[in-house]
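Thanks for asking me to look this one over. Here are my notes, point by point, to read with the model open beside you.

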Amino acid sequence: MSDGNEQKDSPSGRKPLTLTRTTATGTVRQSFSHGRTKQVAVEVREKRSINRPGAGAAAPAAGPGVPPPLKTRAAPAPEPLQPAPRAPTAPGAISDEEARRRDEAVRRAMADREAREEKLRAEEDQRRALDDAQRRKAAEVAAIEAEAEARRRAEQAEQELAQVAAERAAARAAAQAAQQQGGGAAPTPSLLDELGGRVKSTRKPAPVAPVKPAKKGEPKRREGKLTLDMVEREVAGDDDRVRSLAAYRRAQQKEKERRAKLMGGGERDQIKREVIIPESITVQELSNRMAVRVADIIKYMMRQGQMMKQSDELDADTAELIATEFGHSVKRVAESDVEEGLSGAEDVDDHLLPRPPVVTIMGHVDHGKTSLLDALRQTDVVSGEHGGITQHIGAYQVRLPDGQRVTFLDTPGHAAFSAMRARGAQVTDIVVLVVAADDGVMPQTVEAIHHARASGAPIIIAINKIDKPDANPTRALTDLLQHEIVTEAHGGDTLAVEVSALKKIGLEKLVETILLQAEVMDLKANPDRPAEATVVESKLDKGRGTVATVLVQKGTLKRGDIVVVGAQVGRVRAITNERGQQLQSAGPSEPVEIMGLEGVPEPGDVLNVVENEPRAREVANYRARAKKLKTTSGPTRTGTSLESMMAKFKDSTAKELPILIKADVQGSAEAIVGSLDKLAHEEVRARVVLSGVGAINESDVQLAKGSGAPVIGFNVRASKEARDLAEREGVEIRYYAIIYDLIDDIKGVMSGMLAPHTRETFLGNAEILEVFNISKVGKVAGVKVTEGVVRKGAKVRILRDNVVIQEMGTLTTLKRFKEEVDQVQMGQECGMSFGQFQDIKQGDVIECFNVEVVQRSL
Ligand SMILES: Nc1nc2c(ncn2[C@@H]2O[C@H](COP(=O)(O)OP(=O)(O)OP(=O)(O)O)[C@@H](O)[C@H]2O)c(=O)[nH]1
């Protein structure tokens, strides 16, 4: 370091007149390693001393004294200088002009100094701000790093603990073995070592770095650019280097990867599943079944060019594609499969117990159905005890003194009966047909007979209003004869009871008769299984929500059961009987009101108890969809059109053609029925479900649906309601104006139902002359055609002593001189083989014939 600021005196030896300099400025050259140098500006300030007026000559200017030791840092600011007061002009003193110049020089010097000081201050502030920012950043990074490190250590320790615990026994055993072998040379690892607590001490020393590590106290070799911050750190002796943000991020990423590996992510083996895929499935549901994230499916679909949400429905094909792409196997199921197993296993006889009969009362308007139902209700011994307060729930049970019970469906009218039957619900065991003794058989009586017959339920006749003076029970019974109801009085087996609903006559006898009929029918059910019931009535009650009356048919319905009813689901919250009593359960033939369904089911809907709610929803959703589809895609032809019936009969043994006839007048109806009767054949016949007069109404359509019959209208038309219903239910209505057309059509259908005839045509006979036993082929007959011709492809049978011993079916091998031939004439010899049949002998006769199928007609 050398001072390059040398002062020189003027050649005259006299110093020029200047303001005494208080600051000595100059540059200092700093030397660094590797021969690098740096020029540093330095200045030395002195306190200015100003000559006071009257103090004589100005004080001698400070000579170039020895400067104070140089500092790289700025010297502390000197005391502010006061401008020198102007000295009065005196002989020998400076002139005014001189004084003014001096003042000016002082002012300039002060301004310069202030500017320099200001600059220094700004520099200092900037440096401080930089320092602060750097320190803050370092602190943040250190905190985050410390946190991540702590987390990592905790996890690592946990994992190592588990690992080490498992390896511990092995390590000990190994150590012991080594000790035994090597005379105890191997030290037993301490528990801390085993737990990884002293991993560092057991670690191998790191390979020696090529560069000699810096010794303690020796200055580290600086790398990279020299920054103010680094100089500061060097000065402060702080060697700790702060990791950059990028380095921190890299560490974080590494940590993440390590953890993912630990968790088995990334290259984790995917579990292959069998994914059950219905006809349609939501993205969400598919993701559940595949156990993948919804986002992954959505991403996959996006790659396929389709944007989807998790609630979107996928068709089965797309869902299958996705499942296969994700590496799963697929099991496709039809939607209707959800119904499988819903009604449980078939009950075995051992589990069946007698159950009360279920009775429906039918009859003509005003013949006393409601009155009879009311009167019968009062025969209940229990309701009598409770003051007879009962509610109308659509059905009720009558308990008899001997403990027996009868269930009555309290829904008079054929419509309800037919509606239930049309839904496939067969709830009624016995039909009580009410006929007013003073009125006899009326049109609706006949209709009721048809409905009852179609359901297959036995009929009990209740001749009502016998208390009336003009009552004529005998005439009523005779009228019924015309409708093939032959009561015991006329030598038949239909039971009839004379009653008066008004005067309560014969009611007990009626109940007894019902029980007698039930006994004959041997009605049984298994109460020890999940319930199956049928909805009789349902409504939405303001206070109670959905209330449905159901008739339990199998099993026992319990409170809390999860049920699916038609397209509705629910949990049975309460079970109430017609007397308003809360029950815990209801057994077979018991009508009860249940609460807890989410929606209102329809009469005739079947209730099933299911294991859980998702299952119930699955079935209900399927039914709702199927119903919607049915209403939007029109009727499904399920066996009530003539064509579908023909198809049905082709592969079934059913030989009855059910038909419902409506004609303009009684005469034509009778003529049609008579003609159809004449068509009757020993194998097939028309069964007239109903023949009536008048327009085709809804009741006719329902009856036709229930019986699987088409409706034939002769010179009549269907009402709009009936047409709509027929369309909905898929019941065919055919109109005719000419009776022969009608009969021809029916005849055609019935002819189609006849099994076709087969007709045989004799072709020829051949006699077996010799039987050859050929290996691999079996027995081959050498024959001579004795009569007619034998033909390949024709039928053959084997006769022995004119007795048929085997029908062989088709002749497939016919050879003459080792060549396959189509036919062999009389007198010629040939070879035949009969496949599996080996019991052929010399002298057997082969009969060859053709079979023709002849379609029969009535
Ligand atoms: N004298 C007499 N009248 C009766 C008897 N049963 C019913 N009635 C009367 O017959 C009328 C019709 O009786 P309902 O019970 O309403 O007949 P219904 O068959 O239910 O009639 P709908 O509901 O219109 O189909 C009422 O005025 C009853 O009082 C009876 O045994 N004797």
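1. Overall make-up. The protein has 20 helices and 36 strands. Please keep in mind throughout that this is a predicted model. Of its 858 residues, 35% count as buried. Among contacts between residues at least 6 apart in sequence, 69% join residues at least 24 apart.

2. Confidence. The average pLDDT is 78, and 74% of the residues score at least 70. Residues 1-12 fall below a pLDDT of 50, and beyond near neighbours in sequence this stretch has eight contacts in the model. Residues 633-639 are also below 50, with 13 contacts beyond near neighbours in sequence. As for the global scores, the model has an ipTM of 0.97 and a pTM of 0.47.

3. The ligand site. Which residues come nearest to the ligand? Of the 15 residues around it, they are Lys-369, Thr-370, Ser-371, Asp-467 and Ala-501. Three polar pairs are worth a look on screen. A nitrogen atom of the ligand sits 2.8 Å from an N or O atom in the side chain of Asp-467. An oxygen atom of the ligand is 3.1 Å from a polar backbone atom of Gly-368. For Asn-464, the pair is between an N or O atom of the side chain and a ligand oxygen atom, at 3.2 Å.

4. The loop between β8 and α9. Asp-366 is placed in this loop. Its phi is positive, about 65°, although Asp-366 is not a glycine. Most residues other than glycine have a negative phi, which is the reason for pointing this one out. Is Asp-366 buried or exposed? Its relative accessibility is 64%, and exposed means over 50%, so Asp-366 counts as exposed.

5. The largest nonpolar core. This core has 26 residues, and those touching the most other members are Ile-361, Leu-372, Leu-376, Phe-408, Val-432, Leu-510 and Ile-514. Two or more residues come from each of β8 (358-363), α9 (369-377), β9 (395-399), β10 (405-409), β11 (430-436), β12 (459-464) and α14 (507-521). Helix α14 gives the largest share, six residues. In soluble globular proteins, nonpolar side chains tend to be buried together. Leu-376 is a good place to start browsing: leaving out residues up to four places away in sequence, Leu-376 touches Ile-361, Tyr-396, Val-398, Phe-408, Leu-507, Leu-510 and Val-511.

6. A polar residue on α14. Gln-517 lies in helix α14. Buried means under 20% relative accessible area, and Gln-517 has 13%, so Gln-517 counts as buried. Setting aside neighbours within four places in sequence, Gln-517 is in contact with Ile-430, Pro-458, Ile-460 and Leu-495. One of these partners, Leu-495, is 22 residues away in sequence, with a C-alpha to C-alpha distance of 8.4 Å from Gln-517.

7. Helix α12. This helix covers residues 443-455, and at 1.5 Å a residue its 13 residues should span 18 Å; the end C-alpha atoms are 19 Å apart, which agrees. Is α12 enclosed by the rest of the structure or not? Ten of the 13 residues are buried, so α12 is largely enclosed. The buried ones include Glu-447, His-450 and His-451, along with Val-446, Ala-448 and Ile-449. Just after the helix, Gly-456 takes a positive phi of about 80°.

8. The loop between α6 and α7. Arg-293 is found here, between α6 (283-290) and α7 (294-303). With a relative accessibility of 52%, Arg-293 counts as exposed. Not counting residues up to four places away in sequence, Arg-293 touches Ser-287 and Lys-299. Arg-293 and Val-283 are ten residues apart in sequence, and their C-alpha atoms are 9.9 Å apart in space.

9. The loop between β26 and α19. Asn-715 lies in this loop, between β26 (711-714) and α19 (720-729). Asn-715 is not a glycine, yet its phi is positive at about 60°. Its relative accessible area is 40%, so Asn-715 is partly exposed.

Technical notes: Residues are numbered from 1 along each chain as its sequence is written. Side-chain values use heavy atoms; hydrogens and water are left out. pLDDT is the predictor's confidence in each residue, from 0 to 100. Contact means heavy atoms within 4.5 Å. Helices (H or I, at least four residues) and strands (E, at least two) are DSSP runs, numbered from the N terminus. The expected span of a helix is 1.5 Å times one less than its number of residues. Buried means under 20% relative accessible area, exposed over 50%, partly exposed in between (1.4 Å probe, protein chains only). A nonpolar core is a set of buried Ala, Val, Leu, Ile, Met, Phe, Trp, Tyr and Cys residues joined through side-chain atoms within 4.5 Å. A residue is near a molecule or strand if one of its heavy atoms lies within 4 Å of it. A polar contact is a pair of N or O atoms within 3.5 Å; within protein, one must be able to donate a hydrogen and the other to accept it, and residues adjacent in sequence count only if both atoms are side-chain atoms.
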